[in-house]
Structures are given as C-alpha cells and as structure tokens.
Amino acid sequence: MSNGTSVKGGGTFCFGLLLLAFPLLLWLFLLVVLPHIDLFLVSMRERISYGKYEFSLINYIEFFSEPLYWNTYVRTAVMSIFATFLTLVIGFPVSYYIAKFMRGKGKNVLFLMCLIPFWVSELVRTFGWMILLRESGVVSNFLQWSGIADGPVEMLYNDATIMVGLVYTSMLFMIVPLVSVLDSLDDSLIEAGYDLGGNGFTVTRDIVIPHAMPGIASGCIVVFMLTLGNYLTPNLLGGKDSLWFTEQIYTQFITRFNWESGSAFGFLLLVLSSLIVWVGLKLSKQTLSETVG
C-alpha cells in the first residue's frame, strides 16, 4: 500500500514539475531553438530566382573567400576577448571591495552607484560617451583649457574608444556575479592565509580566485556574449571603420536584403561564441552547470 502511494506521489510530483517547466521549455523552443534552426536552414540555400531556392554552401564559401568578412570576424572575436579581460581586471577589485570591505548602507550605496548608469538605455549611454569624447566635447575642451592640448582633440572613431564603451557597457554584468560569489567567501579563510605567512598576492591567488572562479566564469561568459553581439557601441563610437561583425550581419539583412548570407553570418557568429565559451570553460576547469548554478 505504501509503495503504491509513494509511486503515485512521485508521479504527481514529476507531472507538477513538468507543468511548471513547460512555459520555460516552450519559451526556449519558440524563441531560441526554433529561430536558430531556421537561421541555419536559410543559410544553406541559394536564391535562384524570385521565390526559388536550392541547397548550396555558397554563403559560407563567400564568407571565407572574402578577406573583409573573415578579417572582421577574427577582429571582433579578439577585441571581445580583450574587452572581457579588461572588464574582469577592473571589475574584480571593485567587486572584492564591495563584498569584503563595505558593510550595511555603504555596501548598498556602492552597488547602487554601479547600477545607476544602467537605468538608461545603451543608446543614451553611448551618446553620452560621444558628447564627452567628440572634438567639441567636454574632455577636448578641458584639455584645451588646461593647456595640455593646443587645439580640439578628436577621441572618437578608434579602437581605444570602442574598448572604453564596451567595458563601460558590460561592467555591471561582471560585478553582479562576482559580488555574489565573493560574499560567500568566509573571512576566516582569508585571515588564516595571512596568519600562515601569505601576502596579498598569494592569498588572492590561492584562496580568493579559486573560490570566485564560478563567478569569474559566469561574468566572463555574459560579458563576452554581450560584447560579441553588440551593435550600437562599436558602430557609434568606432564610426564607419569600426569593422565589427554585427555590422556585416546588419548590412546583409537590412541594406542588401540578402537574408541567406546574413543568416550564414549570424550562424557563424553563434558558432564562434559557443566555441570560445567552451574553450573558456575548459581553461577555467568549470562546467556550465556550475557557472549558471
């Protein structure tokens, strides 16, 4: 009797769990899986005439045969990795300070200061950087007023400005997971490290970073994916010569109305992001379940 009751109860629990997960599974299938399947199928066809298509690899052949496309592809990947690294280097000390040195209201205030810039859209924040860094902007006027520069200084439309915008745009997504994981680090472990003769470098290397590795991996994945797929920041701060791969995708879809080639480029970007995330997880010795958990 008890066995029958337990089996029945277990079945009811599984059904209830499946029922609760159904909206999430449906959302993932309709908005993530299905569009990517369609993206791949569209990328594998060639337009013969109006409304007529046939299976072809011409879109991928065109990508690898045109140096501009794959050079932009590689450049976007390299700059995204570098932007992720800079975001980690800047965000880790900030996160550690918030998690371990601040208490009470001070901690909430610092966290709020990191959050405030994200109360406005990315477009507004990017235009703010353009106002600061343009030839007639705040920074240029200050340099001229202080005598450091003899004339107007144009700071837009270069890789350094793009990097500043990307790091600024992504910083919160690095700080949040780092603060969360560093909050769980027992202060007594850090004190024990110093008591055993360690210094700031060795304690950070042997205690803090290993404990924070899931947060580091999580933050890096989110920042890298956002940076790789960013369109506004590279194109507004970098200008027409930004050479960002999302611009190539936009051009194929919107300017040339070449959905087949645009789909191929989009699918190649998906493959690139997945490959780099996989390599990053292997290098950090983390699993995806540990990172998102």
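Where does UniProt place the feature "transmembrane region" in this chain? In an unreviewed entry, the record puts this feature at residues 12-34, 77-98, 110-132, 160-182, 215-233 and 263-281. The model described here is a predicted one, and two of these spans give a first view of it. Residues 160-182 are 100% helix and 0% strand, and the C-alpha atoms at the two ends lie 30 Å apart. Residues 263-281 are likewise 100% helix and 0% strand, with end C-alpha atoms 27 Å apart. The unreviewed UniProt entry also gives the feature "domain: ABC transmembrane type-1" at residues 73-280. In the model, that span is 78% helix and 0% strand, and its end C-alpha atoms are separated by 18 Å.

Strands do occur elsewhere in the chain. Strand S1 covers residues 45-49 and strand S2 covers residues 52-55; the two pair in the antiparallel sense over 4 bridges. Within this pairing, Ser49 faces Lys52 of S2. The hairpin has 2 residues between its strands, and Gly51 adopts a positive phi near 80° there. The hairpin region also offers a contact between a charge and a ring: the charged end of Arg45 sits over the ring of Tyr53, at 4.0 Å from the ring centre.

Aromatic side chains provide the next theme, with 15 aromatic pairs found in a search of the whole structure. One of them joins Phe63 and Phe265, which count as edge-to-face because their planes meet at 65°, with the ring centres 5.6 Å apart. This pair links distant parts of the chain, as Phe63 belongs to helix H2 (residues 58-65) and Phe265 to helix H12 (residues 259-284), 202 residues apart. Both Phe63 and Phe265 are buried. A further edge-to-face pair is made by Phe253 and Trp259, with 5.3 Å from centre to centre and 85° between the planes. Phe63 and Phe265 also take part in one aromatic cluster, together with Phe64, Tyr69, Tyr73 and Phe245.

A polar side chain can be followed in helix H3 (residues 67-100), where Ser80 is found. Is Ser80 buried or exposed? Its relative accessibility is 0%, so Ser80 counts as buried. The side chain of Ser80 reaches the backbone oxygen of Thr76 at 2.7 Å.

Two loop residues deserve a look for their backbone angles. Most residues other than glycine have a negative phi. Tyr157, although not a glycine, has a positive phi of about 65°. Tyr157 lies in the loop between helix H6 (138-145) and helix H7 (159-183), and with a relative accessible area of 45% it is partly exposed. Phe257 is also not a glycine, yet has a positive phi of about 55°. The loop that holds Phe257 runs between helix H11 (245-255) and H12. With a relative accessible area of 56%, Phe257 is exposed.

Finally, how many disulfides does the model contain? The count comes to 0. Cys114 illustrates why: the closest cysteine sulfur to its own is that of Cys220, 17 Å away, which is too far for a bond. Seen from the other side, the sulfur of Cys220 has that of Cys114 as its closest cysteine sulfur, at 17 Å and therefore too far for a bond.

Notes. Residues are numbered from 1 along each chain as its sequence is written. This is a predicted model: local features need pLDDT of at least 70, side-chain atom pairs count only at pLDDT 80 or more; totals for chains, interfaces and linings use all residues. Side-chain values use heavy atoms; hydrogens and water are left out. Two strands pair if DSSP finds at least two bridges between them. Rings of Phe, Tyr and Trp (its six-membered ring) pair if their centres lie within 6.5 Å; planes under 30 degrees apart count as stacked, over 60 as edge-to-face and the rest as tilted. Buried means under 20% relative accessible area, exposed over 50%, partly exposed in between (1.4 Å probe, protein chains only). A charge sits over a ring if NZ of Lys or CZ of Arg is within 6 Å of the ring centre and within 35 degrees of the ring normal. UniProt positions are given in the numbering used here, feature names are shortened, and annotations may be inferred rather than shown by experiment. A disulfide is a pair of cysteine sulfur atoms within 2.5 Å. A polar contact is a pair of N or O atoms within 3.5 Å; within protein, one must be able to donate a hydrogen and the other to accept it, and residues adjacent in sequence count only if both atoms are side-chain atoms.
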